[in-house]
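Here is a short, friendly report to read alongside the coordinates. Please keep the viewer open as you go.

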There are 2 protein chains.
Amino acid sequence: MNLKQLSEILGLSQTTVSRALNGYPEVNEATRERVQAAATKHGYRPNSRAKGLATGRSMVIGHVIPSSSQHEMVNPIFGDFVAGAARTYGAHGYDMMFTNADDTSIERTYRDLFQRGAVDGVVLQGPKVNEHRIEVLTRMAVPFIVHGRSTGIEVPYDWVDVNNKSSFLRATRFLIDLGHKRIALINGLEDMDFAQRRREGYLQALQEADLTPEPALMRSAEMTEVYGHHEACDMLQLDTPPTAILVSSMISAIGVRRALNEAGLKMGRDVSVIAHDDDLSYLKNGQDVPIFTATRSSVRQAGEIAAEMLIDRIKSPDDPVKTRLLEAELVVGGSTGPAPDRF
Amino acid sequence: MNLKQLSEILGLSQTTVSRALNGYPEVNEATRERVQAAATKHGYRPNSRAKGLATGRSMVIGHVIPSSSQHEMVNPIFGDFVAGAARTYGAHGYDMMFTNADDTSIERTYRDLFQRGAVDGVVLQGPKVNEHRIEVLTRMAVPFIVHGRSTGIEVPYDWVDVNNKSSFLRATRFLIDLGHKRIALINGLEDMDFAQRRREGYLQALQEADLTPEPALMRSAEMTEVYGHHEACDMLQLDTPPTAILVSSMISAIGVRRALNEAGLKMGRDVSVIAHDDDLSYLKNGQDVPIFTATRSSVRQAGEIAAEMLIDRIKSPDDPVKTRLLEAELVVGGSTGPAPDRF
DNA sequence: CTCAGTTTTCAAAGCGCTTTGAATGACGGG
DNA sequence: CCCGTCATTCAAAGCGCTTTGAAAACTGAG
């Protein structure tokens, strides 16, 4: 069932039918109702491609999945962010498209998506420090939003981000206030912007308290469970092991907990742990009392906000740049306690 | 830059340029090269919508995310399955589209996608027992593939699935061979087909060994970490607690491990645990030696296979139905051991 | 040099929609 | 009863591509 057929059934021109369905004012109300009834009855759905071709808009938002050639890691927060965004897209009549690109072709992929007219805007996830893609998209003058920010990029751009620095600053201060002096940081890959900011917050708190940062207590890699376990085991072997550990993800924090258990240490008593909690749906931080003391910020909500902002940008390309800084909350759970006396 | 412009630059007709780029034989090789060079030079990318409109194919595969109104759960395996599929799609020139639909509108959403001509095929994820959507799609006579199967649906359809029954049968037997008699099952939601099959395997193994299944040892719900913890805690309170636990996901198994630790029990000695491991990229089951004894099957690989099969189906709609049963491997880790003597 | 056969190129139609510019019909004031 | 006005409706062009059917250019045999 296409527009032509429907208009023939109704004995109307395509113009009138199209206008009736799209809510244009120059259509008799009686006619509109008749058209709408027929459309519903025959299950008419305008062809998206034809519509897109005619309007010049695709009503699709693109996301590029960087299927890294090196590490086959799929970001665990991906699903929740996407779920948040998808809901908003749906409410505004947008579809969501994913394209896979290996590290070498990400830039070309973005360019492609727009030149092919496949998308009206894109979401840029997981920005690195000096993220080149931001400049590329800016130069292309296309609507996009960054989930995160990128240190070193001077051009203005829309973004939603968690206040990574401030949340790790506060978390570190919290540990210092509890008397901890040897505080470790198990961070994400340091070329990721969020990881860099978290480290800044951590370092600033140490400095405020006149504590000297120790390279041996600062680790960084892709945030898997195994990684958290490995680094924690390693640090517990040190002559003077840390009494507290900041971990950049819940998944890795679970690995840290495993390491502590294996070493016969009790989390929160022998070693304090603070994790960053993205509030993932399948990995809630405990039921009532949080398991981990954590800096918490819902990545799902970030997805919703990002989608909303991107759609705004598509609607008004010339609006001034918008940014949104989400403040993570510091929730206190059972994984932190006063520094143990070890003499 | 569109076809018209490009053909004017080249002094050729649109027909010839189009044919040259799409590899048709009736084009002079010299011309083809000239066209290709110009296309590359000017960064020409054919407009997907126009192309789709002209060919009647959209080169897009649809996935519907059921953003359940009740439980806001995003399946943790989603990301990995999608990453696997995306890679295959990309290799075949397909894009991937996501649409969000709440529980009440899933059916309508599938119908919409095809009627709007937005997709050439869809992937149906997470089928339940008597999955209605399969019948709907069959009746619509559109290309689709099911990740999983659905007990109770008689019509033939393409699917990829893990042998859930056999893997849980083998896992349960393995525990029985180790002397366990009180074996618990912490399963997914029982209206999900995979959960039902796993329970069947579990029950069959018990029956073979003349063990009576106990309702108190069989739990089912959405597979979060908290759920695993909660059910394990609960069962440890029983007069005669289980000596072994089968868990339908790694995430929940982590919750079970937490419960055991809190109770001062050692996993693999006091209580054995076997988990189903989807081999998620961010949640590897240990480094060299698996942490959990597990039934393992890569969901990422399933994604790749599903995508491949769906594309085949789109290419040859009349081929006989294809199915693919993946056998999970039983990897032995540190979480299982002989049943403890408790008298 | 001619002509059938082959290779190469082209103009134009068509995919299903929106949108422009024009036509039609109804209405009421003069 | 005529005509300007407003409310409706319409035919046709256009979005950027593919594909059909025909034309042009080239080939080699006679």
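The sections below cover the model, its DNA contacts, its symmetry and its salt bridges.

## About the model

This is a predicted model, in which local features need pLDDT of at least 70, side-chain atom pairs count only at pLDDT 80 or more, and totals for chains, interfaces and linings use all residues. Residues are numbered from 1 along each chain as its sequence is written, chains are lettered from A and ligands numbered from 1 in the order in which they are written, and side-chain values use heavy atoms, with hydrogens and water left out.

## Around DNA strand C

DNA strand C is surrounded by 27 residues, where near means having a heavy atom within 4 Å of the strand. The closest are Leu3(A), Ser18(A), Arg19(A), Tyr24(A) and Thr15(B). Of the strand's atoms within 4 Å of the protein, 59% belong to sugar or phosphate, and bases supply the rest.

Some individual pairs are worth a look. The side chain of Asn22(A) has an N or O atom 2.9 Å from a phosphate oxygen of DNA strand C, and a polar side-chain atom of Thr31(B) is 2.8 Å from a phosphate oxygen. Arg19(B) instead places a polar side-chain atom 3.0 Å from a base nitrogen of the strand.

## How the two chains relate

A turn of 180° with a shift of 0.1 Å along the axis lays chain A on chain B with an RMSD of 0.1 Å, superposed by least squares on the C-alpha atoms of residues with pLDDT of at least 70 in both. That is the relation of a two-fold axis. The C-alpha of chain A nearest the axis belongs to Met97(A), at 2.1 Å.

## Salt bridges

The whole structure holds 42 salt bridges over all chains, each being a side-chain nitrogen of Lys or Arg within 4 Å of a carboxyl oxygen of Asp or Glu. One of them pairs Arg45(B) with Asp112(A) at 3.4 Å, N to O. This pair crosses between chains, with Asp112(A) in helix α6 (residues 106-115) of chain A.

Within chain A, Glu225(A) and Arg258(A) form a salt bridge with their closest N and O atoms 2.8 Å apart. Glu225(A) lies in helix α10 and Arg258(A) in helix α11, so the pair ties together parts that are 33 residues apart in sequence. Glu225(A) is buried at 2% relative accessible area, while Glu262(A) is exposed at 52% (buried is under 20%, exposed over 50%, partly exposed in between, with a 1.4 Å probe and protein chains only). Glu262(A) also meets Arg258(A) in a salt bridge, 3.7 Å from N to O. Shared partners join Glu225(A), Arg258(A), Glu262(A) and Arg257(B) into one network of salt bridges.

Notes
Polar contact = N/O pair within 3.5 Å; in protein donor to acceptor, adjacent residues only side chain to side chain. Helix = DSSP H or I, 4+ residues; strand = E, 2+ residues; numbered from the N terminus.
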